[in-house]
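Colleague: I am new to this one, so could you take me through a single part of it, the nonpolar core? Please start with the overall setting and then look closely.

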Amino acid sequence: MINDLIHAVIDREGGYIHHPADRGGATRWGITEAVARANGYAGDMRHFAREAAAAIYRRIYWQRPRLDDVAERAPLIAAELFDTGVNMGPAVAIGFLQRALNALNRGARDYPDVLLDGRIGPQTLGALDGFLATRGAAGETVLLKALEALQGERYLTLAERRPANEAFLYGWLANRLA
């Protein structure tokens, strides 16, 4: 699963880009220069290897945030969290999941609220298990809609707060939301 997700992100992000309005600076394969440097790359971003990008995606955006544990329970949710995490950071994506799980637990009757800490741990996995047990297969689709709604709202907020981000809003909405 993760290999397909990584290749889809790399294909969507494309090669070298250095847009003047992008605070992330130069990127290649969707990996910012800062992230590449933090992971040992010292060369020109124009030459950053696709394989190096794939390794970073796997380690930082899948393994470290424990999305493999989510994928065992809800593969569509894990895929969405991965893609959102690549674009906004894993903690933001996981925070969306935690907020949605808390809002969907019917006043903590179905399972306890979780701490909004942006990390996958026993509490968050337990809440996800409780949600899926209560709502069944259709629950994953509803949870996915909640995650995408939160993501879309954040994109709009980013564009409203920083007009330069309007250059990216259309693409974010077209390419990041189902």
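**Setting and core**

Modeller: Happy to! The protein has 21 positive and 21 negative side chains, and the centres of these two sets lie 3 Å apart. Please keep in mind that this is a predicted model. Its secondary structure consists of 9 helices and 3 strands, and the order from the N terminus is α-β-β-β-α-α-α-α-α-α-α-α. With a radius of gyration of 17 Å, close to the 16 Å given by the globule rule for 178 residues, the protein is as compact as a globular protein of that length. Along the principal axes, the C-alpha atoms fill a box of roughly 55 × 35 × 25 Å.

Now to the inside. Of the 178 residues, 46% count as buried. In soluble globular proteins, nonpolar side chains tend to be buried together. Here the largest nonpolar core has 54 residues, and Phe48, Tyr57, Val70, Ile77 and Phe82 have the most contacts inside it. Many helices contribute: α1 (2-13), α3 (50-63), α4 (67-73), α5 (75-88), α6 (90-103), α7 (122-135), α8 (137-161) and α9 (166-176) each supply at least two residues of this core.

Let us zoom in on Tyr57. Leaving aside residues up to four places away in sequence, Tyr57 touches Ile6, Val9, Ile10 and Glu13, along with Trp29, Gly30, Ile31, Trp62, Phe82 and Val86. One of these partners, Phe82, is also listed among the core residues with the most contacts.

Stepping back to the whole protein, residues 24 or more positions apart account for 52% of the contacts with a separation of 6 or more. As for the outside, the protein exposes about 9,200 Å², with carbon and sulfur atoms supplying 54% of it.

Notes. Residues numbered from 1 in each chain as written. Predicted model: local features only at pLDDT ≥ 70, side-chain atom pairs only at ≥ 80, totals over all residues. Heavy atoms only, no water. Helix = DSSP H or I, 4+ residues; strand = E, 2+ residues; numbered from the N terminus. Rg over C-alpha atoms; globule rule 2.2 N^0.38 Å. Buried < 20%, exposed > 50% of the residue type's maximum accessible area, 1.4 Å probe, protein only. Contact = heavy atoms within 4.5 Å. Areas by Shrake-Rupley, 256 points an atom, 1.4 Å probe, with all protein chains shown as cover. Lys, Arg positive; Asp, Glu negative; His and termini not counted. Charge placed at Lys NZ, Arg CZ, Asp CG, Glu CD. Core = buried A, V, L, I, M, F, W, Y, C linked by side-chain atoms within 4.5 Å.
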